[in-house]
Structures are given as structure tokens and as C-alpha cells.
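Thank you for sharing this model; my notes below concern its salt bridges and how far the residues involved are exposed.

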Amino acid sequence: MAGGALRDGLPSPVDYFALRVAAGGGGVATEAARRALAGSLFGIVAEEADGALAGCGRVVGDGALNLYLQDVIVREDLRGRGLGARLAGALTERAMARLA
């Protein structure tokens, strides 16, 4: 299964930067990454069996009525295997539970 295990949490700002680059996007300054991650309500990371970061996603919002999926990111070399869908599904489940 691509990306291995999903777990609750957020990557470090350094890992977030590296993942964005590995996903074909632009990097961000470490301070901007730190602030963005700190503004998350919760997140999920996907890790390969060796612990390497394969992807992540996070949810932002007001925490009561409005929650948004943000930054569903998958490394380019792992795309097309359903990891993004797994991340989005797990984030959606947690968001719906939070609003219940």
C-alpha cells in the first residue's frame, strides 16, 4: 500500500518544506511553514515502512462550524496509488467527527 501507515499529527516545518518540494511544489520559508502548521486544527501524516514521510494533509477552520481540508500533499513518486484519497478520507472522517 503506497505511503504505508497514516497517523495523526503534522510534519515538522523542515519536513513540510521537504515534502512540498518532493511533491513538485515550491518550498516555503521555515517560519512561514511553522506558522501555517501552527494554524492547523489537526493533521495526518503518511509514512513509509522506513519512517520516510510520504504525504500529509491538514485541516484549518474555526473549529466549530467551518473546517477545510488544506495541503493534501503526496510525494510525486507515490502519486496515482490512492494515497491522496486515503489522506483526504481520513481527514474528512476526523472533521465530521469533530463537528458531530
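1. A salt bridge is taken here as a side-chain nitrogen of Lys or Arg within 4 Å of a carboxyl oxygen of Asp or Glu. The model is predicted, and by this rule the count comes to 6 salt bridges.

2. In one of these, the side chains of D77 and R75 meet with N and O 2.9 Å apart. The two partners differ in their surroundings, since D77 is partly exposed at a relative accessible area of 48%, whereas R75, with 14% relative accessibility, counts as buried because the cut-off for that class is under 20%. The pair also belongs to a wider arrangement, in which E48, R75 and D77 are linked in a network of salt bridges.

3. R58 and D71 form another salt bridge, and their closest N and O atoms are 2.7 Å apart. This pair links distant parts of the chain, with R58 in strand β3 (residues 53-61) and D71 in strand β4 (residues 67-74), 13 residues apart. Are the two partners buried or exposed? R58 is buried, with a relative accessible area of 8%, and D71 likewise counts as buried, at 16% relative accessibility.

4. A further salt bridge joins the side chains of R94 and D8, at 2.5 Å from N to O. Here too the pair links distant parts of the chain, R94 lying in helix α3 (residues 83-99) and D8 in strand β1 (residues 5-8), 86 residues apart. R94 itself is partly exposed, its relative accessible area being 33%.

Definitions and conventions:
Residues numbered from 1 in each chain as written. Predicted model: local features only at pLDDT ≥ 70, side-chain atom pairs only at ≥ 80, totals over all residues. Heavy atoms only, no water. Helix = DSSP H or I, 4+ residues; strand = E, 2+ residues; numbered from the N terminus. Buried < 20%, exposed > 50% of the residue type's maximum accessible area, 1.4 Å probe, protein only.
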